[in-house]
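Below are some remarks on the model you sent, arranged as numbered points. Please read them with the coordinates open beside you.

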Amino acid sequence: MQKKEIVIIGAGYGGLRAAELLSRKSGFHITLIDRNPYHYMQTEVYGYIAGRFDMSDIAIDLERFTQGLGENVTFLQREVTGIAYDPQRVMTSEGSYPFDYAIIAVGTQTNFFTFIEGLREHTHGVKSIERAFLFRQAFEKRLADKLRNRTFKRAGDLHIAIAGAGLSGVEIAAEMAYTLRRYEKILARCSKRLHISLIDAAPTILPGMHPYLIEKATKRLESLGVAIHTDAFISRIETRDIIFRDGKRMEFDFMIFTAGIKAADLTQKLGAPTNGIGQILPTEYLRLPECENIFAIGDCAQIRDRSGAIMPPTAQTAEKSAAYVADAIRKLERGEALEPFREKVDGVFIALGGEYALGMLFDRIRIEGYLAYLLKKAITRLYRLGLELKVNAGYRKRNLPRSA
């Protein structure tokens, strides 16, 4: 019996989860395609940016991961250029691949708003490893210069501005502030001239989140010395200055932009309906309206929960939608009817520097401090352990002696 071909486009949280679940079904052959040879653990970028984590802590080798899933899974490093509907093929920079089912899981990228002059030229995004690496490299070089000279030309000579006080911006601000505190013994009084500013146009940080999380996170950031600027509308950015709509200016040395996302460019090439930031608008079964054999999961799709509310673009949403689609494909192969996607977000954890975090589960259970940190760390470690077990299995398979 010929195996059904499933092509998964994108190796983020959703893509890997779908590949893992579908690999357990012997009647499928899965091809995982991504432009990069690694899986980027973007939820851990706050620790990498601040220097607590290494590159190896946020990247997983995809070839070895898929080898660890078994012979039914193949990884291809390709740039996907489009999808043909008749006949059904995924088009790439190095050929095309037929499919019986396709899963689009291409995620999002930083949306450098064109209405803010100088944004792209003078800021760092963190939606890719390359951009996160370039920021960390430049920041560590500047800090090393300060450590050698032990002098600052002006107050606040090392000023990091973070535009966007959503989950990523808050976590990066907290972790960097905590990390800079560790330099106090070396820099002494000069450490008081290391500043972090968190900027957002919304009335509060963490817009849209529960008031408990907003209040606690605000207090934690303030205790770490982070200057919070809300209701702050950026007009343009120059080489070393932020100019706000009201005419005020803020000097900076480094600026990180986390205030906007948009879907990966591929979503605009499919002919599928999209929203204002390019996310695919799938049916309630997470299918493309144009082709029921193509599903969209994770950040690249606007996914609604059981109450009809739009789910946030998080790893949890990606994995829940991936699990639903994997089960849906199995049901379709058995001739069973599909139930609409009816999941919801179970909770959220926010890393706030060092061994401190906030958590809220099922909209009512509140966790704070070291316990929340331990729970968040356990969740991350379990996820990474699952990936590493498959990577290690793939490594062993790849390096078996020919006579074995």
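1. A search of the whole structure, which is a predicted model, finds 19 salt bridges. One of them joins the side chains of E333 and K4, with an N to O distance of 3.0 Å. This pair links distant parts of the chain, since E333 sits in helix α10 (residues 315-333) and K4 in strand β1 (residues 4-9), 329 residues apart. E333 is partly exposed, at 30% relative accessibility, and K4 is also partly exposed, with a relative accessible area of 28%.

2. Another salt bridge is formed by the side chains of K376 and E171, at 3.9 Å from N to O; a pair is counted here when the nitrogen is within 4 Å of the carboxyl oxygen. The bridge again ties together distant parts of the chain, with K376 in helix α11 and E171 in helix α7, 205 residues apart. Both K376 and E171 are buried.

3. The side chains of R334 and E336 meet in a salt bridge of 2.8 Å, N to O. R334 counts as partly exposed because its relative accessibility is 47%, and E336 is partly exposed as well, with a relative accessible area of 37%. Elsewhere, R17, E20 and R24 are joined into one network by salt bridges that share partners.

4. Helix α7, which holds E171, covers residues 167-181, and its geometry can be checked against expectation: at 1.5 Å a residue, its 15 residues should span 21 Å, and the end C-alpha atoms are 21 Å apart, which agrees. Of these 15 residues 11 are buried, so the helix is largely enclosed by the rest of the structure. Among the buried residues of α7 are G169, V170, E171, I172 and A173, and also T179 and L180.

5. Helix α11 spans residues 370-398 and contains T380. This residue counts as buried because its relative accessibility is 17%, and buried here means under 20%. When residues up to four places away in sequence are not counted, T380 touches M41 and E44. Y370 also has its place in helix α11, but with a relative accessible area of 46% Y370 is partly exposed. Y370 and S223 are separated by 147 residues in sequence and by 16 Å in space, taken from C-alpha to C-alpha.

6. How many disulfides does a search of the whole structure find? The search returns 0. The sulfur of C291 has its closest cysteine sulfur in C300, at 15 Å, which is too far for a bond, given that a disulfide requires two cysteine sulfur atoms within 2.5 Å. Correspondingly, C300 is in no disulfide, and the nearest cysteine sulfur to its own is that of C291, 15 Å away. C291 is buried, with a relative accessible area of 9%, and C300 likewise counts as buried, at 0% relative accessibility.

7. A nonpolar patch on the surface deserves a separate entry: M55, F133 and L134 form it, and together they have about 250 Å² of accessible area. L134 belongs to helix α6, which runs over residues 129-149. With a relative accessibility of 48%, L134 counts as partly exposed.

Notes:
Residues are numbered from 1 along each chain as its sequence is written. This is a predicted model: local features need pLDDT of at least 70, side-chain atom pairs count only at pLDDT 80 or more; totals for chains, interfaces and linings use all residues. Side-chain values use heavy atoms; hydrogens and water are left out. Helices (H or I, at least four residues) and strands (E, at least two) are DSSP runs, numbered from the N terminus. The expected span of a helix is 1.5 Å times one less than its number of residues. Buried means under 20% relative accessible area, exposed over 50%, partly exposed in between (1.4 Å probe, protein chains only). Contact means heavy atoms within 4.5 Å. Patches are made of residues with over 30% relative accessible area and no salt bridge: like charges are joined within 9 Å, nonpolar side chains (Val, Leu, Ile, Met, Phe, Trp, Tyr) within 5 Å. Accessible areas come from the Shrake-Rupley method with a 1.4 Å probe; for residues, only the protein chains shown count as cover.
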